[in-house]
Amino acid sequence: MGLIFEIENLKKSFGDNLVLKDINFNVESGEVVSIIGSSGSGKSTLLRCINLLEEPGGGKIKFHGEDILEKDSSINKYRTKVGMVFQSFNLFNNMSVLENCVIGQIKVLKRNREEAVTIAEEFLKKVGMYPFKDAKPKSLSGGQKQRVAIARSLSMSPEVLLFDEPTSALDPEMVSEVLKVMNDLANDGLTMIVVTHEMGFARDVSNRVLFMDKGVIAEDSEAKEFFKNPKTERAKEFLSKVL
């Protein structure tokens, strides 16, 4: 499989508030890792540090063995390999669905337009949004917007996709359409790190679960094992509330 990420002794503070304390874990190629835990446990901050949207206060983030926090590493090159799907979609409202999926390829990856359109259309078909390619985001439902956002990320040919609570802004009936797309991507072997409240997804689709509590990883175990047999009292308490 091969190691993609090695996170070592990662820390992050906001002022005096230590949000991440000494975080350590690895991610293998093709793994789906769900990060779960109660609000305020540091899940989204961890994801934003991995994507360098937040600057860690210490530690290492090794991507294929190279620490991306070193001064001479190229953040832009790294970001083309590590895509991010946000809870609020972050689509360009003045552009069509297709243009949303094309523009990054042309500007960042320097693909020609014809190639970029072909790739964008392929992924819009994959997420079931090809019929809406000429629509503007404002005419779409939340679930449709999120599927476009996923297609846009996939169009950049990432090695890893990070998902930050991709269903939390959606109405309940739209959650399943987004989870289905994510399930399909997992079956295709895409490496994914997912911060989620969807316990069914964490249990049934992930290979591994990281359970966070108060800024530390309290448990790191195989998904089925975690849900069947959590080791810490805190995890048992959490699961009894959410399941």
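**Two helix pairs and how they pack**

Helix H3 passes helix H4 in a right-handed crossing, where right-handed means that the near helix is turned clockwise from the far one by less than a right angle, and left-handed that it is turned anticlockwise. This is a predicted model, in which local features need pLDDT of at least 70 and side-chain atom pairs count only at pLDDT 80 or more, while totals for chains, interfaces and linings use all residues. Residues are numbered from 1 along each chain as its sequence is written, and side-chain values use heavy atoms, with hydrogens and water left out.

H3 covers residues 97-107 and H4 residues 113-126, and the two pack at an angle of about 130 degrees with their axes 9 Å apart. That makes H3 oblique to H4, since angles under 35 degrees count as roughly parallel, over 145 as roughly antiparallel, 65 to 115 as roughly perpendicular and the rest as oblique. From H3, Val97, Leu98, Glu99, Cys101, Val102, Gln105 and Ile106 meet a set in H4 that includes Arg113, Ala116, Ile119 and Leu124, contact meaning heavy atoms within 4.5 Å. The residues of this contact divide into 10 nonpolar, 1 polar and 4 charged.

Further along the chain, helix H5 (residues 142-155) packs with helix H6 (residues 172-187) at an angle of about 20 degrees, their axes lying 8 Å apart. H5 is therefore roughly parallel to H6, and the crossing of these helices is also right-handed. On the H5 side the contact includes Gly142, Gly143, Arg147 and Leu154, and on the H6 side Met174, Glu177, Val181 and Leu185 are among the residues involved.

Notes
Axes fitted to C-alpha atoms, helices over the stretch in contact; angles between N-to-C directions. Helix = DSSP H or I, 4+ residues; strand = E, 2+ residues; numbered from the N terminus. Nonpolar A, V, L, I, M, F, W, Y, C, P; charged D, E, K, R; others polar.
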